[in-house]
Each structure stands twice: as structure tokens, then as C-alpha cells.
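Me: I should like to learn how the features of a protein model are read, one after another. Please take the general idea before the particular case.

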Amino acid sequence: MTPLPRQGYRIGVPQGGWWEEIFNSDAEIYGGSNLGNGGGAEAREAERHGHPFSVDLTLPPLATIMLRLKGG
């Protein structure tokens, strides 16, 4: 957690497809700045953190986001 937002932060995921942002503690409804990932991110075949796929994310400041594979 940092007070600075991070753009283009790539993390590894186990499968390709659309990773839906199901929670963002920086959302406006929680009093945040509403910085996020526009509902989610598409994974691409680019190995990261020991996983065959990865997603580029916007990490809001001092916040938590949760993702899940849509349809998974």
C-alpha cells in the first residue's frame, strides 16, 4: 500500500481471459477517488510471477482491489 497510484502494474494470473474487478476500496461509494480498472482487464500470454498469463492493472492509492476470472 502506497499513497501513490500505480499505472501499468503487471501481475501474473493462472488463466487467460477477462479478469473482472469485483472490489475496489477506492471506489467513490466508499469515499475514494474512483481510480480503478474500468471493470477489469484482459489477460495476455506473458509470463509473470510463475504464471503463464498476466494483466496490466491500475493500482489505486492506499486501496485494495479484488479480481476474478469472468465465467471461471
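Me: Which pattern does the chain follow when read along the sequence?

Reply: One lists the secondary-structure elements in order from the N terminus. In this predicted model, the pattern is β-β-β-β-β. The chain has 5 strands and 0 helices.

Me: What do the contacts in the chain say about residues at least 24 apart?

Reply: One takes contacts between residues at least 6 apart in sequence and asks what share joins residues at least 24 apart. Here that share is 66%.

Me: How is the radius of gyration of the chain to be judged?

Reply: The value is set against that of a compact globule with 72 residues, which would be near 11 Å. The chain has 12 Å, so the two agree. As for its extent, the C-alpha trace spans about 35 × 25 × 15 Å along the principal axes.

Me: What share of the residues counts as buried, and how much accessible surface does the chain have?

Reply: A residue is called buried under 20% relative accessible area and exposed over 50%. By that criterion, 31% of the 72 residues are buried. The accessible surface of the chain is about 4,600 Å², and carbon and sulfur atoms account for 52% of that area.

Me: How many aromatic pairs does a search of the whole structure find?

Reply: The search finds 1 aromatic pair. Its rings belong to Phe23 and Tyr30, with centres 5.6 Å apart and planes at 50°, so the pair is tilted. The ring planes would have to be under 30 degrees apart to count as stacked, or over 60 to count as edge-to-face. Phe23 itself is partly exposed, because its relative accessibility is 26%.

Me: Which residues other than glycine have a positive phi?

Reply: One looks at the sign of phi and then at the place of the residue in the chain. His49 is one case, with phi near 55°. His49 sits in the loop between strand S3 (40-43) and strand S4 (53-59), and counts as exposed because its relative accessibility is 57%. Leu62 is another case, with phi of about 50°. Leu62 is found in the loop between S4 and strand S5 (65-69); at 54% relative accessibility, Leu62 is likewise exposed.

Me: How many positive and negative side chains does the chain have, and how far apart are the centres of the two sets?

Reply: One counts each set and then compares the positions of their centres. The chain carries 8 negative and 6 positive side chains, and the two centres are 4 Å apart.

Methods:
Residues numbered from 1 in each chain as written. Predicted model: local features only at pLDDT ≥ 70, side-chain atom pairs only at ≥ 80, totals over all residues. Heavy atoms only, no water. Phe/Tyr/Trp six-rings, centres within 6.5 Å; stacked < 30°, edge-to-face > 60°. Buried < 20%, exposed > 50% of the residue type's maximum accessible area, 1.4 Å probe, protein only. Helix = DSSP H or I, 4+ residues; strand = E, 2+ residues; numbered from the N terminus. Rg over C-alpha atoms; globule rule 2.2 N^0.38 Å. Contact = heavy atoms within 4.5 Å. Areas by Shrake-Rupley, 256 points an atom, 1.4 Å probe, with all protein chains shown as cover. Lys, Arg positive; Asp, Glu negative; His and termini not counted. Charge placed at Lys NZ, Arg CZ, Asp CG, Glu CD.
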